[in-house]
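Load the model and keep a selection panel to hand. The stops below go from one residue outward to the elements around it, and then to other parts of the chain.

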Amino acid sequence: MSDYDYDSYDSYDDDGFMYGSDYDAVEHMTRDPVGFQMHGYGGFGYDTSHVPPDEVTSELTRSAKEGDVASARMIVEKAAAVSDEKKNAVVNHARRWTEVDYRMSGFTKEYEWFDLTALATAASKGHHDIVQYLLEQGADPTLKGCPWEDDHLNALMAAEKLLQKSKNTAGSKSVGDDGLMLRCSQRCVDLLQAAKPFWKDATYSSSQYSNKREKFTNTPTDLEGLLRAVGSVPAMDEVPPRAITSKRGAAKTKAGKKKIAANYDSKENIINGTTSGNAAGGQHQRLCSRCNAYKPTGSYTKNQRAKGAAAKCKDCVNGLNAAQQQPKKKAQKKARNSKDFELALKIDDDIESIRENAKYRILEMRENVAAVSRMRQCVQEHTKASASLLDVVEQLASATDRAQCAMKEMVRLAREIEDDALEEGVLPEF
């Protein structure tokens with residue numbers, strides 16, 4: 001539970017809170033259900049009193065998120081001292097949380113998910129040392145989690161997502177000139193790929209919540225091979241800083257290009273013993289990665305030279321482009337002169353008609369939803385009218401009871417008067 005002050009705001013609508021704030025709708029509903037319904041978080045009238053509160057993040061997951069190796073090691077060793085089952089439960093634990101979908105009909109639909117495990121959390125933050133430690137302790141990398149809506153990741157997928165993000169933002173101030181986050185995320189990917197062949201997907205690896213994760217029966221096929229494979233991945237101090245590259249593989253900055261050129265020149269791919277293109281006594285040449293032939297630097301384009309050892313000479317690039325474009329042009333010409341072209345046009349027409357029908361269907365569904373909303377409003381109004389009518393009927397019944405009591409009282413008094421008159425001889429007896 002967070003220490004969020006709910007009384008400091010007058011309303012609890014969706015627009016009043018920014019993404020990533022400390023507000024927890026389930027916690028608000030649990031602590032103040034009446035205020036939650038009155039303010040109508042997510043829309044007036046939604047009933048979410050049946051939604052269970054989210055579980056608290058485990059200590060190991062928090063340590064993995066913060067990159068605290070000492071704390072993570074202490075938690076795992078403490079669980080291992082109890083039993084192996086306890087250790088497996090701790091290293092593979094993922095908290096349960098509930099996603100609430102507010103429907104236009106006025107009802108809600110709930111989805112229960114597993115959050116990321118400690119291993120996947122460390123991989124998503126680039127903490128490679130914790131990833132290696134948890135893999136050595138038997139953490140299952142096949143378990144998926146859903147940290148937010150429509151995002152289901154296991155440890156390797158989380159590391160690859162971080163690596164791609166690091167490549168896209170390489171060279172920025174947030175990453176650093178030495179590409180530290182790029183190197184950390186790359187080592188996480190290397191560690192998880194090294195461990196992947198020794199694991200089979202668990203039957204309970206889905207991110208959807210179920211009771212199947214109460215016991216973790218999935219184990220590596222070869223534990224010793226797993227430890228050797230993970231231990232063979234080079235450490236961070238053994239890997240030199242890489243040039244910062246964009247997602248297409250070419251150097252993004254001038255400094256990155258100079259780093260690639262310097263790293264390439266340091267290799268043994270220069271003829272006649274020279275170590276620089278400007279040095280005397282030899283000609284600076286590069287090895288083409290396609291034809292495996294040494295060619296002068298002028299035989300490579302600027303973009304290809306920036307790729308370092310993966311560079312291709314101009315002849316190979318032009319030949320490769322021509323070889324790729326020629327079959328494509330022949331296929332296009334053949335399609336125009338054959339019945340396949342007519343079939344393609346027919347398929348396009350069918351696709352267009354399907355799109356039009358889908359648009360009409362969507363409009364009809366929206367009208368139906370609006371009609372259902374109107375019917376729901378009418379039912380609520382009729383319910384209120386029926387309640388008012390019942391109140392009137394109850395009032396009439398109460399008045400009738402009072403009238404009957406008065407009539408009985410009048411009859412009783414009349415009989416007493418008649419008896420008194422007879423006793424005094426006022427009325428004749430018949």
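Select Leu-192 in this predicted model. Leaving aside neighbours within four places in sequence, Leu-192 is in contact with Leu-119, Ala-123, Val-131, Leu-135, Pro-141, Ala-155, Leu-156 and Ala-159. Leu-192 is also among the residues with the most contacts inside the largest nonpolar core, a set of 39 residues. Add the others of that group to the selection: Leu-60, Leu-119, Val-131, Leu-134 and Leu-135. Now colour by element: H3, H4, H5, H6, H7, H8, H9 and H10 each give two or more residues to this core. The most comes from H9, with seven residues. A second core, separate from this one, has five residues, including Cys-288, Tyr-300, Cys-313 and Cys-316.

**Helix H9**

Select residues 180–195, which form helix H9. Its 16 residues reach 23 Å from the first C-alpha to the last, close to the 22 Å expected at 1.5 Å a residue. How many of the 16 residues of H9 are buried? The count is 12, so the helix is largely enclosed by the rest of the structure. The buried set is not limited to nonpolar side chains by name: Arg-183, Ser-185, Gln-186 and Arg-187 are in it, and so are Leu-182, Cys-184, Cys-188, Val-189, Leu-191, Leu-192, Ala-194 and Ala-195. To see what covers these residues, show helix H6 (118–125), H7, helix H8 (155–168) and helix H10 (223–231), which are among the covering elements.

Two residues of H9 are worth a separate selection.

- Ser-185 lies in helix H9 and is buried, with a relative accessible area of 0%. Not counting residues up to four places away in sequence, Ser-185 touches Leu-162, Leu-163 and Ser-166.
- Cys-188 is placed in helix H9 as well, and counts as buried at 0% relative accessibility. Beyond its neighbours within four places in sequence, Cys-188 is in contact with Ala-123, Gly-126, His-127, His-128, Val-131 and Ala-159. Draw a distance from the C-alpha of Cys-188 to that of Ser-124: the two residues are 64 apart along the chain, and the atoms are separated by 8.9 Å.

**Helix H7**

Go next to helix H7, residues 128–136. This helix is mostly covered, with seven of its nine residues buried. Select them as His-128, Ile-130, Val-131, Gln-132, Tyr-133, Leu-134 and Leu-135. Which elements do the buried residues of H7 pack against? They pack against H3, H4, H6, H9 and H10. Just after the helix, stop at Gly-138, which takes a positive phi of about 90 degrees.

**Helix H4**

Select residues 69–82 for helix H4. At 1.5 Å a residue, its 14 residues should span 20 Å, and the end C-alpha atoms are 21 Å apart, which agrees. Mark the buried residues of H4: Ser-71, Ala-72, Ile-75, Val-76 and Ala-79. Turn the view to look down the axis of H4; the buried residues fall within an arc of 130 degrees, so they line one face of the helix. On the face turned away from that buried side are the exposed residues Ala-70, Met-74, Lys-78 and Ala-81. The cover over the buried residues of H4 includes helix H3 (59–66), helix H5 (84–91) and helix H7.

What caps the N-terminal end of H4? Asp-68 does, with a side-chain oxygen 3.4 Å from the backbone nitrogen of Ala-70.

**The hairpin of E3 and E4**

Move to strand E3 (residues 145–148) and strand E4 (residues 151–153), which pair in the antiparallel sense over two bridges. Gly-145 stands opposite Leu-153 of E4. The hairpin has two residues between the strands, and Asp-150 takes a positive phi near 60 degrees.

**The whole chain**

Finally, clear the selections and show the full chain, with its 14 helices and six strands. Buried residues make up 31% of its 430 residues. Of the contacts between residues at least 6 apart in sequence, 55% join residues at least 24 apart.

Methods
Residues numbered from 1 in each chain as written. Predicted model: local features only at pLDDT ≥ 70, side-chain atom pairs only at ≥ 80, totals over all residues. Heavy atoms only, no water. Helix = DSSP H or I, 4+ residues; strand = E, 2+ residues; numbered from the N terminus. Expected span 1.5 Å × (residues − 1). Buried < 20%, exposed > 50% of the residue type's maximum accessible area, 1.4 Å probe, protein only. Arc of directions from axis to C-beta. Contact = heavy atoms within 4.5 Å. Polar contact = N/O pair within 3.5 Å; in protein donor to acceptor, adjacent residues only side chain to side chain. Pairing = 2+ DSSP bridges. Core = buried A, V, L, I, M, F, W, Y, C linked by side-chain atoms within 4.5 Å.
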